[in-house]
Amino acid sequence: MSQQYEAEQQVAVAAVRRACALTASVFNTLVKNETLTKEDKSPVTIGDYAAQAVINTILSRAFPQDPIVGEEDAGDLRADNGAALRSRIVELANESLTAPLQPGETEEWGIGPGHAQSPEELMNIIDRGNYGGGRTGRFWTLDPIDGTKGFLRGEQYAVCLALIQDARVELGVIGCPNLPADPSAPSGARGAIFVAARGRGAWQLPLSPADTTPPTRLTIPTFAADQLNLLESVEKAHAKLALNDRVARTLGVTRPPTRMDSQAKYAALARGDGGVYLRLPVGSGYREKIWDHAPGSVLVEEAGGRITDSRGQPLDFGLGRTLGENFGVVAAGKGVHARVLEAVQAAQEEEAREEAAEKAKEAQ
Ligand SMILES: Nc1ncnc2c1ncn2[C@@H]1O[C@H](COP(=O)(O)O)[C@@H](O)[C@H]1OP(=O)(O)O
Ligand SMILES: [Mg+2]
Ligand SMILES: [Mg+2]
Ligand SMILES: [Mg+2]
């Protein structure tokens, strides 16, 4: 019997692997003026654009009917002052698109020697990511470099792709070029791919398509109370880390948090490198994007965990490009999740009481 979404999984894994090779190589040659600041003040590099061009090419050839909700668009590159950046992106994307076929890849996906595209074609393929998402139908969501700030620091980042059908995430692929392949050997070989298809488990695969190491199945372990710790953002603007501290104290967590950028945190949770992913809003009005949580959510669920917002409601991937009003994200093993939610609520109440007391003091 053929497995549902098997072809999609094969294409998604190959596309993410190819993009990871691109981003890893671009990091070594990236120079200062190859990064732009977007309207929302976040950085985007030539690597983000080129990786989106490569993955969108492969998806559009393999599944021509499928729309894509991608993070980047070519607007800034089409502007007159985007020409220098544009030509570097064209060079990079074509280098990746024309690289020799790897095991499992086919020329029908628009890759391999001879498959270079014109600058206009590449700008258009980047803009295939402009779909608005929604409640019904099938579409992909792509974050070509998740954790761009981590990428720029040479730390954690991830190439993230998910398939959504009628607002349900069916497939998630997360490529982590800088994550230790074996968590028990943190200074050993780096790079891994994480894959989850609904109902078929969560798996870690080697980063290289030529590596024949068999996939390993991931299950969130049961943590002893003194072993539990939090996985949280590096960037203070992305999550309210002071509130995380309170939650940790309420939970009786003694281990320090593990801070890392990107959806690598979901991968770390799925394989037991940390016990709780906690992302509480900073109150700036930022709305979380579907591409930042779709692959991670299915990975965590398939590894036996739960993921909700801070009220205990499921994340809603049917609202468009964002998750709507921001109530944060709480992900953990099934046995711990309810306790974390309680601790978050207690910590929020405690924080509100202290803030009110401080205000009253000031008013005196
Ligand atoms: N103001 C913000 N608040 C929360 N998340 C943000 C904000 N700005 C960007 N992000 C996104 O948060 C994610 C990384 O957060 P973290 O690494 O802390 O988990 C990234 O997806 C990043 O986008 P990007 O994909 O552009 O890096
Ligand atoms: Mg970004
Ligand atoms: Mg992101
Ligand atoms: Mg990104």
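Donors are N, O and S atoms within 2.8 Å of the metal, and because water is not among the atoms, sites may look incomplete. The views below come from a predicted model.

**View 1. Protein donors around the magnesium ion (ligand 4).** Glu71 (OE), Asp143 (OD) and Ile145 (O) are the protein donors, at 2.0 to 2.2 Å from the magnesium ion (ligand 4). Along the sequence, the spacing of these donor residues is E-x71-D-x1-I. Asp143 and Ile145 are both buried.

**View 2. Glu71 between the magnesium ion (ligand 4) and the magnesium ion (ligand 2).** Glu71 acts as a bridge between these two ions, which are 3.5 Å apart. Glu71 contributes an OE donor to the magnesium ion (ligand 4).

**View 3. Helix H4, residues 83–97.** From first C-alpha to last, the 15 residues of H4 reach 21 Å, close to the 21 Å expected at 1.5 Å a residue. The buried residues of H4 are Leu85, Ile89, Val90, Leu92, Ala93, Asn94, Ser96 and Leu97. An α-helix has 3.6 residues a turn, so residues three or four places apart point the same way.

**View 4. Packing partners of the buried residues of H4.** These residues pack against four helices and one strand: H1 (6–29), H2 (46–62), H3 (75–78) and H5 (119–126) are the helices, and S1 (35–37) is the strand.

**View 5. Surroundings of Glu351 in helix H10.** H10 covers residues 334–363. Glu351 counts as buried because its relative accessibility is 12%, where buried means under 20%. The side chains of Glu351 and Lys240 are joined by a polar contact of 3.2 Å. Setting aside neighbours within four places in sequence, Glu351 is in contact with Leu243 and Arg246 as well as Lys240.

Conventions
Residues are numbered from 1 along each chain as its sequence is written. Chains are lettered from A and ligands numbered from 1 in the order in which they are written. This is a predicted model: local features need pLDDT of at least 70, side-chain atom pairs count only at pLDDT 80 or more; totals for chains, interfaces and linings use all residues. Side-chain values use heavy atoms; hydrogens and water are left out. Helices (H or I, at least four residues) and strands (E, at least two) are DSSP runs, numbered from the N terminus. The expected span of a helix is 1.5 Å times one less than its number of residues. Buried means under 20% relative accessible area, exposed over 50%, partly exposed in between (1.4 Å probe, protein chains only). Contact means heavy atoms within 4.5 Å. A polar contact is a pair of N or O atoms within 3.5 Å; within protein, one must be able to donate a hydrogen and the other to accept it, and residues adjacent in sequence count only if both atoms are side-chain atoms. Donors are N, O and S atoms within 2.8 Å of the metal (3.2 Å for Na, K and Ca); water is not among the atoms, so sites may look incomplete.
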